[in-house]
Amino acid sequence: MRAACLIAVAIQLLAQEPVVTFGTTVVIPSGLEGRIYNIRHNTNKLPNFRRMKPVGTIYASQLNIPPQDFKLGFPGVTKRVEWFAIDYTGRFWVEKAGDYGFSLNSDDGANLYIDGELVIDNDGEHPPRERVGVARLSHGVHTIRVSYFQGPRWQVALVLKVAPPGEELRIFSTDELKPPPSP
């Protein structure tokens with residue numbers, strides 16, 4: 001009887017877990033566009049995306065894939081579990097100029113570029129690892145690029161956070177960082 005109760009509680013907790021995905025195939029106009037690539041086995045750093053042909057496109061308003069078992073695959077898109085890459089690009093709006101902190105946690109490699117400048121280098125084959133960086137941003141529109149690859153098994157992870165001036169780190173979201181509506 002006790003075991004049945006524990007199983008029921010575990011099922012309820014699992015049902016409450018949020019579903020996390022690398023994106024959706026539905027276009028999000030103000031979101032990030034992620035071009036998907038298959039990469040060669042034993043790739044140990046980010047590929048040169050300009051020399052590759054994408055196999056698909058996904059869209060996301062945030063990158064929030066906490067470390068999880070690689071067997072869950074490429075959440076939201078395919079059952080591919082290893083040897084893929086995604087190159088996300090988009091734009092975001094900054095209301096308050098200043099130094100913005102960024103955090104990028106990935107397994108395996110990922111780099112963050114703001115306005116074409118490398119802000120965080122977290123490339124290479126590695127377990128979930130967080131790196132931080134700072135970019136001085138002016139009021140207005142900025143470009144963002146997050147390049148990511150998943151090498152060999154065990155875990156996948158890709159979490160991007162931002163800390164506007166004087167604020168704590170939180171998940172970067174293009175829904176939050178878009179221009180105010182026109183009057």
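Start by selecting strand E4 (residues 84-94) and strand E9 (residues 140-150): they run antiparallel and are joined by 11 bridges. (Strands here are DSSP runs of E, at least two residues long, numbered from the N terminus.) To see one rung of that ladder, pick Asp-87, whose bridge partner in E9 is Ser-147.

A quick word on what you're looking at: this is a predicted model, where local features need pLDDT of at least 70, side-chain atom pairs count only at pLDDT 80 or more, and totals for chains, interfaces and linings use all residues. Residues are numbered from 1 along each chain as its sequence is written, and side-chain values use heavy atoms, with hydrogens and water left out.

Now widen the view to the open sheet of 6 strands, in the order E2-E1-E4-E9-E6-E7, with antiparallel pairing. (Two strands pair if DSSP finds at least two bridges between them.) Strand E2 (56-60) and strand E7 (117-122) are the edges, each pairing on one side only.

Stay with E9 and select Gln-150, which is in that strand. Is it buried or exposed? Gln-150 is buried, with a relative accessible area of 0%. (Buried means under 20% relative accessible area, exposed over 50%, partly exposed in between, using a 1.4 Å probe and protein chains only.) Show its contacts, meaning heavy atoms within 4.5 Å. Leaving aside neighbours within four places in sequence, Gln-150 touches residues including Ile-39, Trp-83, Phe-84, Asp-107 and Gln-155.

Next stop: strand E5 (residues 98-107), mostly covered, with 9 of its 10 residues buried. Add strand E8 (residues 129-137), which runs antiparallel to E5 and is joined to it by 9 bridges; Asp-99 has Arg-136 as its bridge partner in E8. Then add strand E10 (residues 155-163), which pairs with E5 in the antiparallel sense over 7 bridges. Leu-104 is a handy pick here, with Leu-160 as its bridge partner in E10.

Finish with the side chains. The largest nonpolar core has 31 residues, and Phe-102, Leu-112, Ile-144, Val-146 and Leu-160 have the most contacts inside it. (Such a core is a set of buried Ala, Val, Leu, Ile, Met, Phe, Trp, Tyr and Cys residues joined through side-chain atoms within 4.5 Å.) E4 gives the most to this core, with 5 residues. Apart from this core lies another, of 7 residues, among them Ile-39, Leu-46, Phe-49 and Ala-85.

Last, click Leu-112: beyond its neighbours within four places in sequence, its contacts include Phe-102, Leu-104, Leu-118, Ile-144, Val-146 and Leu-160.

How values were computed:
Helix = DSSP H or I, 4+ residues; strand = E, 2+ residues; numbered from the N terminus.
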